[in-house]
Amino acid sequence: MWDYTDKVMELYRNPKNVGSIEDADAIGEAGSLSCGDMLKIYLKLDEKGIITDAKFQTFGCGSAVASSSILTEMVIGKHIDDARKITNQEIAEALGGLPPEKMHCSVMGHEALEAAIANFYHEDVKCPEKGKVICKCFNVTQETIESEIKANNLKTLEDIMNYTKAGGACGKCQNEIKRILDETIQSEKPLTKTQMILKINNVIDKYISSELRKDGGDIELIDVEENKVFVKLSGKCQSCNRSQLTLTHFVEATLREHISPNIEIIQV
Ligand code: FES
């Protein structure tokens with residue numbers, strides 16, 4: 001039997017904010033009845049973007065009810081952009097924790113909130129059906145598996161089953177899930193210095209040098225030490241009194257965009 005916290009039990013017995021909002025400003029859904037649980041969340045906002053009311057309807061287990069209930073309490077009073085920062089870990093933490101096998105309930109809450117906020121801003125809602133479905137039993141896509149691995153630092157097949165349910169029924173998709181897990185973990189390993197130099201030179205060639213040459217200048221990569229990238233400007237860029245601006249606003253920004261947000265440019 002799973003160990004539930006008092007908070008989960010309390011909200012399962014007496015959930016808050018159950019129901020719908022007729023003139024809701026945003027509605028989001030996650031899960032599906034065919035997969036065993038679903039959640040629909042309704043938000044009402046004032047003119048400043050503050051969430052003044054939130055309600056939910058769910059078909060799911062006690063953890064799904066408790067996760068949905070606490071989520072509505074967490075968002076009420078928040079600006080919609082701050083609500084967007086709520087993670088599934090924070091939903092679980094607000095409940096005093098969830099059994100690992102039930103973490104997918106916090107993920108469902110997070111997905112429904114994301115969908116509601118996307119609905120408010122008229123953004124394209126992430127549609128799982130559009131991706132490659134890996135787990136047919138629970139209709140879970142490769143994109144969902146990859147993003148949950150990254151967001152929750154998942155390390156095993158069991159973790160993925162707990163967070164997404166994928167692989168937890170017939171099991172036919174488990175080999176495919178393991179492959180995605182290995183590839184995702186592999187892709188997150190830090191680059192070696194040689195790989196980093198090659199990648200930086202590539203970005204310089206492709207996006208930076210050609211722009212600087214238009215103004216009679218250029219740039220050369222001198223060295224890399226962890227996140228510090230040492231470069232030398234040449235031609236007209238060398239004597240330009242705006243060279244520091246070029247380095248931070250263009251060179252550093254371009255490398256951050258294409259390689260890593262931590263890159264720091266140092267002129268030598
Ligand atoms: S296809 Fe994934 S559990 Fe059945």
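Two strands pair if DSSP finds at least two bridges between them. Helices (H or I, at least four residues) and strands (E, at least two) are DSSP runs, numbered from the N terminus. The model is predicted: local features need pLDDT of at least 70, side-chain atom pairs count only at pLDDT 80 or more, and totals for chains, interfaces and linings use all residues. Residues are numbered from 1 along each chain as its sequence is written, and side-chain values use heavy atoms, with hydrogens and water left out.

**Exercise 1.** Work out the build of the sheet that holds β6, β7 and β8.

*Solution.*
- Step 1: take the order. The open sheet runs β6-β7-β8, with mixed pairing.
- Step 2: find the edges. These are β6 (217-225) and β8 (264-267), each paired on one side only.
- Step 3: check the twist. Neighbouring strands are turned by 35° against each other on average, direction ignored. Axes are lines fitted to C-alpha atoms, for helices over the stretch in contact; angles run from 0 to 180 degrees between N-to-C directions.
- Step 4: inspect one pair. Eight bridges join β6 to β7 (residues 228-235), and the two run antiparallel. Asp223 stands opposite Phe230 in β7.
- Step 5: add a helix. Helix α11 (residues 243-258) packs on the sheet and touches β6, β7 and β8. Contact means heavy atoms within 4.5 Å. The direction of α11 makes about 145° with that of β8.

**Exercise 2.** Explain why β1 and β3 each have one side without a neighbour in the sheet.

*Solution.*
- Step 1: the open sheet has the order β1-β2-β3, with antiparallel pairing.
- Step 2: β1 (26-32) and β3 (51-59) are edge strands with a single partner each, so one side of each lacks a neighbour in the sheet.
- Step 3: the twist averages 10° from one strand to the next.
- Step 4: β2 (residues 37-45) and β3 are joined by eight bridges. Leu43 stands opposite Ala54 in β3.

**Exercise 3.** Trace the salt bridges of Lys7 and Asp218.

*Solution.*
- Step 1: set the rule. A salt bridge is a side-chain nitrogen of Lys or Arg within 4 Å of a carboxyl oxygen of Asp or Glu. The count comes to 16.
- Step 2: Lys7 bridges Glu10, with the closest N and O atoms 3.8 Å apart. Both lie in helix α1 (residues 6-13), three residues apart.
- Step 3: Asp218 meets Arg213 at 3.1 Å, N to O.
- Step 4: compare burial. Buried means under 20% relative accessible area, exposed over 50%, partly exposed in between (1.4 Å probe, protein chains only). Asp218 is buried at 19%; Lys7 is partly exposed at 27%.
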